[in-house]
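User: I should like to go through this structure step by step. Please explain the reasoning behind each reply.

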Amino acid sequence: MAWLPGLLLRLVWRALGAFCSGLARLCAWRGGGARRPRAPPGPVPLSVNYHFTRQCNYRCGFCFHTAKTSFVLPLAQARRGLGLLKRAGMEKINFSGGEPFLHERGDFVGKLVQFCKQELKLPSVSIVSNGSMVTERWFKRYGEYLDILAVSCDSFSEEVNVLIGRGQGKHNHIKNLQKLRGWCRDYGVAFKINSVINRFNVEEDMNEQIQALNPVRWKVFQCLLIEGENTGEDALREAEKFVISDEDFELFLQRHKDVSCLVPESNKKMRDSYLILDEYMRFLNCKNGRKEPSRSILDVGVENAIQFSGFDENMFFKRGGKYVWSKADMGLEW
């Protein structure tokens, strides 16, 4: 048994070594020295703009999401992606294009709207449209699931709308806008107007018309150049002639400062403060002045894809990106 003291000594030394090693790892973890820190979490996709189609029946000269493809995800795939976004924290989805009512005559976007409200139970579901293809039949079928319809209107002069490219044949854009206002009231959908301020409408006074239509929000954008979309060699538009200065944009805002629903967005506010998904469900990063896509959320998940979105979450909140966006909370009198 002479070997017993030596064995015990070796066991004690082994235990002591293991204890010291564990203590060193603990100290390194608490002090942040040896262990690699976890990557900070990405932004929460609270509000997402899904441009599911690039096709459009208008040819607005300043358009910054042009018809470079005709691709539209199958409905099941689009629903799967929307479900991923909901699980990642999305509360508001905005469907845009292109013209979202062009594909399947509005039934495709209607099914997405119904899915988001009925199945995903999102607080807010909205659409941005030029309004030319929206029918009362659509409102009867899908209106209860839609919180906000935003209709694009850049001028209350039909000649200016045609000059911009927001017109089609004999259709009168302004008369159609008024008709849509009535349908939104009849079917309980909050009505919003989007206007892009550019060289052809910057001198216009829209106070009377906007106040008469009484939208819940009047979003006023400064004309924005995006390389590869409306400027540059591979662009489908040449928007340089539409561009206005920051000073001109500010003068337009001052002229309409008494419109209570006015929501201004300069180029600085707009460029990086939107989460934009393209037709393949890729986040588009506009930090470098052009749209650089991430990988699709369908392939790598929302958390991975959003890291490459270029999204400025602070600017999103600063520009008022979070507001009362559910029609149930607006207290509107239909």
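User: Which hand does the β-α-β unit made by β6, helix α8 and β7 have?

Analyst: This is a predicted model. In it, β6 and strand β7 (residues 262–265) pair in the parallel sense over 4 bridges. Helix α8 (residues 246–255) completes the β-α-β unit with these two strands, and the unit is right-handed.

User: What is the bridge partner of tryptophan 218 in β7?

Analyst: Tryptophan 218 points from β6 the other way from Arg217, Lys219 and Phe221. Its bridge partner in β7 is leucine 262.

User: Through which helix does the chain cross from β5 to β6?

Analyst: Strand β5 (residues 190–197) runs parallel to β6, and 6 bridges join the two. Within this pairing, serine 195 has valine 220 of β6 as its bridge partner. The crossover from β5 to β6 is a right-handed β-α-β connection, and the helix through which the chain passes is α7 (residues 207–213).

User: How many residues of strand β6 are buried?

Analyst: In a regular strand the side chains alternate between the two faces of the sheet. In β6, Arg217, Lys219 and Phe221 point one way, whereas Trp218, Val220 and Gln222 point the other way, and all are buried. For strand β6 (residues 217–222), the count of buried residues is therefore 6 of 6.

User: How many residues apart in sequence are the parts tied together by lysine 117 and aspartate 147?

Analyst: The side chains of these residues, lysine 117 and aspartate 147, meet in a salt bridge at 2.7 Å, N to O. Lysine 117 belongs to helix α3 (residues 107–119), while aspartate 147 is in the loop between α4 (136–142) and β4 (148–152), so the parts that the pair ties together are apart in sequence by 30 residues.

User: Is aspartate 248 buried or partly exposed?

Analyst: Aspartate 248 forms a salt bridge with arginine 199 through their side chains (3.2 Å, N to O). Aspartate 248 lies in helix α8 and arginine 199 in the loop between β5 and α7, so the pair ties together parts 49 residues apart in sequence. Buried means under 20% relative accessible area. Aspartate 248 has a relative accessible area of 21%, so the term for this residue is partly exposed.

User: What is the relative accessibility of aspartate 272?

Analyst: Aspartate 272 meets lysine 287 in a salt bridge between their side chains (3.8 Å, N to O). Lysine 287 counts as partly exposed at 47% relative accessibility. Aspartate 272, in contrast, counts as buried, because its relative accessibility is 18%.

Conventions:
Residues numbered from 1 in each chain as written. Predicted model: local features only at pLDDT ≥ 70, side-chain atom pairs only at ≥ 80, totals over all residues. Heavy atoms only, no water. Buried < 20%, exposed > 50% of the residue type's maximum accessible area, 1.4 Å probe, protein only. Pairing = 2+ DSSP bridges. Right-handed = clockwise from strand over helix to strand, strands pointing away. Salt bridge = Lys/Arg side-chain N within 4 Å of Asp/Glu carboxyl O.
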